[in-house]
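Biologist: Let us go through this structure together, beginning with a single residue and then turning to the nonpolar cores.

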Amino acid sequence: MSLYDYIIIGAGSAGCTLANRLGEDPKVKVLVLEAGGPDKSFLLRMPAGFASLGDTSPYNWRYETEPQVHCNGRRMYWPRGKTLGGSSSINAMLYVRGHAWDYDHWRQLGNDGWSFREVLPYFRKAQNQERGGSEFHGTGGPLNVADQVDPSRLNEAFLTACEQAGHKRNPDFNGAEQEGVGVYQVTQRAQQRWSTASAYLRPAVARGNVTVITNALTERIILDGKRAMGVRYRHEGRAEVARCEREIVLSGGAVNSPQLLLLSGIGPADHAKAMGIRPLVDLPGVGANLQDHLDAALLQFCTTSDSYDRANQLVSLARYLMARKGPGSSPIAESGGFLSTRPGLAAPDIQLHFLPVLVIDHGRTRLKKNGFSLHICTLRPQSTGTIRLKSDDPAAHPAIDANYLAERADLDALMAGVKMGREIFAQAGLDPYRGEEYAPGAAVRTDAEIEAWVRAKCETIYHPVGTCKMGPDNDRMAVVDNHLRVREVEGLRVVDASIMPTLVGGNTNAPTIMIAERVADLMKKAA
């Protein structure tokens, strides 16, 4: 039985960040347990490589939802990172913080310390902005943020079409204003993926006081009364126990963190009993409040050879290896923007991701066609779902019910976004490239037809949050307080995207890193 000051469960975006910051004190011993293996594959370093990993990738949990009642009963595929760096090792690398309103809203919900003014220093602390520092950007931080070096020229045609449709250009979605369209910045360094494993974890391990164990599935948190004192995990076929003197931190994300709490008897008591687990701490909010960005994709055939569908894979690989350019350097989702579907909104309510390639079914289905895609998602869904156990087996995937489109407002926003996307695709700027519309297709025109198409084709865009939500004392469904300490349990925190009370208006990797940066400071002060 080993003894550590801190035990971090999950080496994803939050866990890697915490390991680095907590390990800055050389007297502190930190253990990081990661269920996946090391991030050794070249396909995890080459930016576009994640698109080639496929459905059998060992770096992916490959979750699947329960049948979605409002989406024609479909089970939806949910990829999540299962390796060092977590989802930052398999995502599209887009650096997006969300809107200032999102964090001010968290503060208005009773979460002291989480307004935009208060979290901005932690975004800046994390960042090494290659453009240089400013009021909104930091330099010298572990997380490298860069401009793309070789985006497809289809992006410029798309952005011109956006302007022709009445949308302004925005060179920085993380600056003074979010609304507008432009080319995304990426978490890359020297045209290689710069995951949190590269940015935070490896430098921490090099100091000598951070231990990382991969292929270690944590089975439960061990409580002594109401204090978390250790964890049981399985490694190389053996059950192991690690003890903790200070704090245990769950950083497994919106699926794994609530799952582990539930397995440990921390959560809704009736659910624990139904699973044959002795309830130890009755917290009804564990696994509730699940929110995710739902996405619908317009697919357009291209009349030229500029799409990545026409790129020769061997030539692209050689070009990347020799010059770090070409499709291999691409995040695939190269440009996009944030738009409002109606006037008077406090912040944009849809996000666009433009891809110079046809992508359907998360890239698992290959089309022998040539084209480009526009992915459209609703940013602040009102529908909420749940994470629940299917059994008391820690290796079994939990029941994921996102409850997509349960609220009509989510459907209305997505349909409005589809119409705006079609308007953009119809502009003259895309005339030299635009072929026939593949999806939704010419037969889908009326509101009823668009609604039916959305329900049949919508998918996740990989941003689940909220299942261990942060909230004030008077919020019965809050799992953690504003320091992310689990209620009614000593020595236990949750630090990852699951603590978000509401989903931010953008990609979730940068906000998750910010959360860990801020809480690392709180933990050091509490030590």
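Biologist: Is Ser383 buried or exposed?

Modeller: The model is predicted, so local features need pLDDT of at least 70 and side-chain atom pairs count only at pLDDT 80 or more, whereas totals for chains, interfaces and linings use all residues. Residues are numbered from 1 along each chain as its sequence is written, and side-chain values use heavy atoms, without hydrogens and water. Buried means under 20% relative accessible area, exposed over 50%, and partly exposed in between (1.4 Å probe, protein chains only). Because its relative accessibility is 5%, Ser383 counts as buried.

Biologist: From which backbone nitrogen does a polar atom of the Ser383 side chain lie 2.9 Å?

Modeller: Contact means heavy atoms within 4.5 Å, and beyond four places in sequence Ser383 touches residues including Asn403, Ala406 and Asp410. A polar atom of the Ser383 side chain lies 3.1 Å from the backbone nitrogen of Ala406. The 2.9 Å value belongs to the backbone nitrogen of Glu407.

Biologist: Which helix gives the largest share of the largest nonpolar core?

Modeller: A nonpolar core is a set of buried Ala, Val, Leu, Ile, Met, Phe, Trp, Tyr and Cys residues joined through side-chain atoms within 4.5 Å. The largest one has 85 residues, and Ile7, Ile248, Leu261, Leu492 and Ile515 touch the most other members. Helices are DSSP runs (H or I, at least four residues) numbered from the N terminus. The largest share of this core, nine residues, comes from helix H11 (residues 509–526).

Biologist: How many residues form the second, separate core?

Modeller: Its members include Ala297, Phe301, Ile400 and Met415. The count for this second core is 50 residues.

Methods: Helix = DSSP H or I, 4+ residues; strand = E, 2+ residues; numbered from the N terminus. Polar contact = N/O pair within 3.5 Å; in protein donor to acceptor, adjacent residues only side chain to side chain.
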